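I opened this entry to keep track of what I looked up, residue by residue and then element by element.

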Amino acid sequence: MKRTKIELDDVASFPNLVDAAAKAARGKRGRAEVIRFFEDFYGHINELRENIWRGHIPCGPLKAFKIFDPKERLIHAPCFKDRVSHHAVINFIGPVLDRAMVDSTFACREGKGVHAAARQVQKNIRRFPWHVKIDIESYFDSIDHDLMLGALKKRIKGDGILGLIQKMVSSYSVSQGRGLPIGALPSQYFANYYLDSLDRLIMEEVGARAHVRYMDDILWWSDSRNDAKSTLDRVKWHVENRLGLAIKKSSIQINKSSRGVSYCGFRILPGKIKLSIRKQRRYRILRKKWETAYESGGIDGETLQAAWASVYGITTEADSRSWRKEQLRRRPPPDC
């Protein structure tokens with residue numbers, strides 16, 4: 001297994017940090033901490049360069065808050081300086097991990113994403129008669145730091161960069177040596193790669209006919225119910241004994257592909273991709289939120305138009321035209 005060497009000088013280079021700052025600020029230019037950073041841009045960039053050269057990643061306080069869409073989650077968002085540092089590191093680590101993963105993994109990857117995953121799931125349920133679906137219990141909170149660092153060391157070399165990675169990982173834990181913060185950029189990439197060995201087990205060893213994974217939501221296909229049950233036993237053993245995780249019992253499904261499957265917010269059938277109940281609810285809530293804000297004078301027409309475009313994006317990839325027309329009939333949009 002060939003490893004890629006990453007030099008701290010490259011991570012700390014001025015062009016890389018400028019690019020990292022631009023990525024970290026995307027969509028957040030109006031926030032106070034971002035404004036302060038750019039008011040003394042060169043001073044902060046030089047400070048970050050010095051920190052990286054010394055093998056130090058600033059670990060400021062994480063801002064904790066809950067989100068409830070699509071389900072309740074506790075988010076830990078790093079401060080802006082930390083986000084710049086994270087982007088600087090991921091600019092080099094991300095492509096290495098991307099090249100290492102199987103093609104049927106869809107989270108945190110250029111040209112992939114939720115919609116591509118849904119399309120691939122539909123292709124697979126048209127081709128193979130049985131599927132197995134699982135997800136991992138408390139996934140981010142359960143990731144073992146030592147096992148994760150061991151996996152990363154198989155792909156990346158360089159004492160400096162590995163030291164930075166270790167400091168980023170050890171700066172947060174839910175229990176002793178376990179857990180990654182949902183909301184930090186490195187967590188997304190590291191958590192996505194953590195299950196690479198499981199992808200390869202499913203694709204290369206247990207005889208699955210096809211496979212799709214979006215973070216810890218995992219689907220694979222078999223030719224019969226018995227084959228599906230057999231592969232699930234192997235997968236359970238690997239998840240528990242090699243990765244130190246547990247499969248969420250309520251998530252386990254073995255079913256005929258012709259009956260369809262719910263995945264990534266869609267109800268996917270051989271001939272149609274429908275919006276899940278969760279996505280329908282989200283569409284209605286957001287439409288009401290933005291239209292109410294417009295009617296009360298809180299936003300202007302241009303802002304409402306942009307909001308409508310983002311709300312419409314929820315329905316893309318689904319065969320939802322008739323459903324959207326019915327929603328517009330029930331709640332006509334305001335004139336703007």
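I take a residue as buried under 20% relative accessible area, as exposed over 50%, and as partly exposed in between. The model is a predicted one.

**Lys 236**

I began with Lys 236, which lies in helix 12. Is Lys 236 buried, partly exposed or exposed? Its relative accessible area is 31%, so Lys 236 is partly exposed. I then listed its contacts, leaving aside neighbours within four places in sequence, and found Ile 247 and Ile 252. I also checked the distance to Ile 45: 191 residues separate Lys 236 and Ile 45 in sequence, and their C-alpha atoms are 46 Å apart in space.

**His 131**

Next I went to strand 4, where His 131 is found. The relative accessible area of His 131 is 0%, so this residue is buried. What does His 131 contact, leaving aside neighbours within four places in sequence? I noted Leu 219, Trp 220 and Trp 221, then Gln 253, Ile 254, Asn 255, Lys 256 and Ser 257, and finally Gly 260 and Val 261. For a spacing along the chain I took Arg 209, which is 78 residues from His 131, with 9.5 Å between the C-alpha atoms.

**Positive phi**

I looked for positive phi values in residues other than glycine and wrote down two cases, Cys 108 and Ser 138. Phi of Cys 108 is near 55°. Cys 108 sits in the loop between helix 5 (80-100) and helix 6 (114-127). With 23% relative accessibility, Cys 108 counts as partly exposed.

Phi of Ser 138 is near 45°. I placed Ser 138 in the loop between strand 4 (130-135) and helix 7 (139-142). Ser 138 has a relative accessible area of 40% and is therefore partly exposed.

**Cysteines**

How many disulfides are there? I count zero. I checked Cys 108 in particular: its closest cysteine sulfur is in Cys 264, at 12 Å, which is too far for a bond, because a disulfide requires two cysteine sulfur atoms within 2.5 Å. I also looked up the accessibility of Cys 79, which is partly exposed at 21% relative accessible area.

**Helix 3 and its partners**

Two packed helices are described by the angle between their axes and the distance between the axes. I looked up both values for two pairs.

The axes of helix 3 (residues 32-39) and helix 4 (residues 41-53) come within 5 Å and cross at roughly 90°. Helix 3 is therefore roughly perpendicular to helix 4. On the helix 3 side I recorded Arg 36, Phe 37, Phe 38 and Glu 39, and on the helix 4 side Phe 41, His 44, Ile 45 and Leu 48. Sorted by class, this contact has five nonpolar, one polar and two charged residues.

The second pair is helix 3 with helix 5, whose axes are 9 Å apart and packed at an angle of about 70°. Helix 3 and helix 5 are therefore roughly perpendicular as well. Here Glu 33, Val 34, Phe 37 and Phe 38 of helix 3 meet Phe 80, Lys 81, Arg 83 and Val 84 of helix 5. By class I have five nonpolar, no polar and three charged residues in the contact of helix 3 with helix 5.

**Nonpolar cores**

How many residues does the largest nonpolar core have? It has 64, and the residues with the most contacts inside it are Tyr 139, Ile 161, Ile 165 and Phe 190. Helix 5 supplies the largest share of this core, eight residues. I followed up Ile 161: apart from neighbours within four places in sequence, it is in contact with Ile 6, Leu 8, Val 11, Val 89, Ile 93 and Ile 156. There is also a second, separate core of 22 residues, including Val 121, Val 261, Cys 264 and Ile 268.

**Helix 11**

I closed with helix 11 (residues 196-204), asking which of its residues are buried. They are Asp 196, Leu 198, Asp 199, Leu 201 and Ile 202. The buried residues of helix 11 pack against three helices, namely helix 5, helix 10 (185-194) and helix 12 (225-241), and against strand 6 (210-214) and strand 7 (217-222).

Methods: Residues numbered from 1 in each chain as written. Predicted model: local features only at pLDDT ≥ 70, side-chain atom pairs only at ≥ 80, totals over all residues. Heavy atoms only, no water. Helix = DSSP H or I, 4+ residues; strand = E, 2+ residues; numbered from the N terminus. Buried < 20%, exposed > 50% of the residue type's maximum accessible area, 1.4 Å probe, protein only. Axes fitted to C-alpha atoms, helices over the stretch in contact; angles between N-to-C directions. Parallel < 35°, antiparallel > 145°, perpendicular 65-115°, else oblique. Contact = heavy atoms within 4.5 Å. Nonpolar A, V, L, I, M, F, W, Y, C, P; charged D, E, K, R; others polar. Core = buried A, V, L, I, M, F, W, Y, C linked by side-chain atoms within 4.5 Å.
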